[in-house]
Amino acid sequence: MHRGHAARKVGHGATVDEGPPKDGAADGDGAPGGRVARSKEVDVSTMRAAVVHGFTDPLSIDEIEVPTPGPFEALVKVDYTGVCHTDLHAAHGDWPVKPSPPFVPGHEGVGTVVAVGDSVTRVKVGDTVGNAWLWSACGECEYCETGWETLCPNQKNGGYSVDGSFGQYMLVDSRYCPVIPDGVDLSAVGPILCAGVTVYKGLKTTDTKPGEWVLISGIGGLGHIAVQYAVAMGRRVAAVDVADDKLELARKHGAEGTVNAATSPDAAAELQEKTGGGVHGALVTAVNAHAFPQAVGALRRGGTVSLVGLPPDQFPLDIFTTVLFGLTVRGSIVGTRKDMSEALDFFARGQIHPTYTVRPLDDVNAVFTAMEEGGIDGRVVMDMS
Ligand SMILES: NC(=O)c1ccc[n+]([C@@H]2O[C@H](COP(=O)([O-])OP(=O)(O)OC[C@H]3O[C@@H](n4cnc5c(N)ncnc54)[C@H](O)[C@@H]3O)[C@@H](O)[C@H]2O)c1
Ligand SMILES: [Zn+2]
Ligand SMILES: [Zn+2]
C-alpha cells in the first residue's frame with residue numbers, strides 16, 4: 001500500500017497505482033496534518049485495444065485481458081501512441097517474417113508505470129516510459145556484446161512479436177524501455193520512440209559531416225523528423241517526395257532544396273544539380289521501391305545511402321556506378337538504447353518538433369487508410385485515454 005495513493009487490482013492480481021488522491025479524496029487513518037492513505041480495490045482485468053485478427057481484415061477494437069508483468073517487466077497505462085507505417089506493414093503481413101495474429105500493434109507508446117514484476121530495478125511505479133520496436137534483446141550474443149543490440153537474433157519487437165501500444169495497457173521490458181525525460185509533452189514524444197530514433201541513427205550511418213548535404217527521401221512520419229535531426233546535426237538537407245505538401249513540410253522544418261519525384265523528369269539529376277555535384281549521404285524513408293535507386297543516383301562520389309524504408313520489394317543497383325564512384329549502400333534498423341536516449345535528449349532540448357494530429361483509438365482503421373493513401377501530415381498520435 002502506497003501512502004497517499006489509490007490502488008487498483010489488474011490482470012492476475014497485479015496492483016495498479018493511480019497516483020496521489022485528488023484534494024478532499026482522502027479517507028481517514030487519522031494521520032495528523034496531511035494526506036492519508038486511501039485503498040480501493042477495483043478489478044480492471046480488461047482493457048480496450050486495437051487487435052489484428054487477420055492480414056486482410058480491418059483491426060477490431062476488442063475488450064482483452066490486461067497483461068501481468070513477469071520478471072523484469074513493467075505494466076504501463078498508455079496515454080498516447082504514435083502510428084508508424086511499420087504498424088501497417090505488420091497488420092498486412094507485408095514482410096517475410098510475419099507476426100502471429102491475434103496481436104496488438106504499436107511501438108511508439110508512452111504512459112505511466114502502474115505495476116512492476118519481479119527483479120525490476122530500472123523503473124518504478126509512477127515513472128513515465130515508452131515502448132519501442134526493440135522491445136528487448138538477449139544481452140548475451142556477439143551483437144549485444146558489441147553495441148549492436150539492434151541486430152540481436154533473439155530480440156523481441158514491440159507490436160510485432162510482443163503486444164504493443166494500441167491498447168490501454170502494455171507491457172515493457174524494464175531493461176530496454178525508453179525512459180521519458182521529465183517535463184516533455186507526452187502527446188508529442190511518441191514519434192521520437194520509433195521515427196525519431198530510427199532517423200537519428202540512420203543519419204549517423206550516412207557517415208556525413210556537418211556542412212555536408214544529406215538527402216531525405218520520403219517526408220512522411222520518419223522523413224519530416226529526419227529533416228529536423230539532420231538540421232540539428234548541422235547537415236544541409238535536400239528532400240524528395242511525391243507530394244508538394246510534404247515538400248512544403250520539409251521546407252518548414254529546414255530543407256534547403258526539394259524535388260518532387262512525381263513531376264520531375266529526372267529527380268536524381270535535379271538533386272545533383274541543386275547540391276553542386278550530389279549529396280554526400282542519403283536516408284531513404286519512402287515506402288516505394290522507386291525511391292531507392294533514385295537516392296543512389298543522387299549521391300556524390302564516395303557517398304553513402306542508408307536504407308530505412310521497408311516496402312516489400314527489390315530495387316536494381318547499378319554495379320558499374322557503385323564500383324567506380326565508390327558508393328556505399330547499407331541498411332539501418334531503429335537504434336540502440338543509447339541512440340534512443342540521445343534522440344530523446346535532442347527532443348527534450350527543443351530541437352525537434354514533430355508535426356502531428358491527435359486522433360482517438362477508434363479511428364485506427366481510418367488512420368491506416370489515410371497512411372496508405374499518403375494523406376497524413378507528419379504523424380498521427382492516438383489518444384488512449
Ligand atoms: N528501418 C527502420 O528501423 C524503420 C523504422 C521505422 C519505420 N520504418 C519503415 O520506414 C517506412 C516509412 O515509415 P513512415 O512511418 O515514415 O511512413 P509514412 O507513410 O508516414 O511516410 C512515407 C512517405 O513516403 C513518401 N513516398 C511515397 N512514394 C515515394 C517516392 N517514390 N519517393 C519519395 N517519397 C515517397 C510518402 O509520400 C510519404 O510521405 C516504412 O516502410 C516503415 O516500415 C523503418
Ligand atoms: Zn516504427
Ligand atoms: Zn543478443
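Which residues of helix 1 are buried? This report answers that question and then considers other parts of the structure, which is a predicted model.

## Helix 1 and the residue after it

The buried residues of helix 1 are His85, Thr86, Asp87, Ala90 and Ala91. The elements that cover them include strand 6 (73-83), helix 4 and helix 10 (364-372). Immediately after helix 1 comes Gly93, which has a positive phi, near 65°.

## Confidence in the model

The average pLDDT of the protein is 91, and 89% of the residues reach a score of at least 70. Residues 1-15 have a pLDDT below 50; this stretch nevertheless makes 51 contacts in the model beyond near neighbours in sequence. Residues 18-42 also have a pLDDT below 50, and here the contacts beyond near neighbours in sequence number 36.

## Surroundings of ligand 1

Ligand 1 is surrounded by 35 residues, of which the closest are His85, Gly218, Gly220, Leu222 and Asn288. His85 also appears among the buried residues of helix 1. Several elements each supply at least two residues of the shell around the ligand, namely helix 1 (85-92), helix 3, helix 4 (221-232) and strand 13 (236-241).

In chemical terms, the shell around ligand 1 consists of 18 nonpolar residues, 15 polar residues and two charged residues.

## Helix 3

Helix 3 comprises 19 residues, from 186 to 204. At 1.5 Å a residue, helix 3 should span 27 Å, and its end C-alpha atoms lie 26 Å apart, so the expected and modelled spans agree. Helix 3 also contains a kink of about 50°, which is centred on Ile192.

Is helix 3 mostly covered or mostly exposed? Helix 3 is mostly covered, as 16 of its 19 residues are buried.

## Leu283 and its contacts

Leu283 belongs to strand 15 (residues 279-284). A residue is buried if 20 or more other C-beta atoms lie within 10 Å of its own. Leu283 has 34 C-beta neighbours inside 10 Å and therefore counts as buried.

Leaving aside residues up to four places away in sequence, Leu283 touches Val199, Gly202, Leu203, Thr206, Val214, Ile216, Ala226, Ser306 and Val308. One of these contacts, Gly202, stands 81 residues from Leu283 in sequence, yet the two C-alpha atoms are 6.7 Å apart in space.

## Backbone features in the loops

The peptide bond that joins Pro101 and Pro102 is cis, with omega at about 0°. Pro102 is placed in the loop between helix 1 and strand 7 (109-116).

Two residues other than glycine have a positive phi: Ser119, at about 65°, and Asp207, near 55°. Ser119 is in the loop between strand 7 and strand 8 (128-130), while Asp207 is in the loop between helix 3 and strand 12 (213-217). Are these residues buried or exposed? Ser119 is exposed, because 11 other C-beta atoms lie within 10 Å and the limit for an exposed residue is 12 or fewer. Asp207 has 15 C-beta neighbours inside 10 Å and so counts as partly exposed.

Technical notes: Residues numbered from 1 in each chain as written. Chains lettered and ligands numbered in written order. Predicted model: local features only at pLDDT ≥ 70, side-chain atom pairs only at ≥ 80, totals over all residues. pLDDT = per-residue confidence, 0-100. Contact = placed C-beta atoms within 7 Å. Helix = DSSP H or I, 4+ residues; strand = E, 2+ residues; numbered from the N terminus. Expected span 1.5 Å × (residues − 1). Bend = angle between axes of the 7 residues up to and from the residue. Near = placed C-beta within 6 Å. Nonpolar A, V, L, I, M, F, W, Y, C, P; charged D, E, K, R; others polar.
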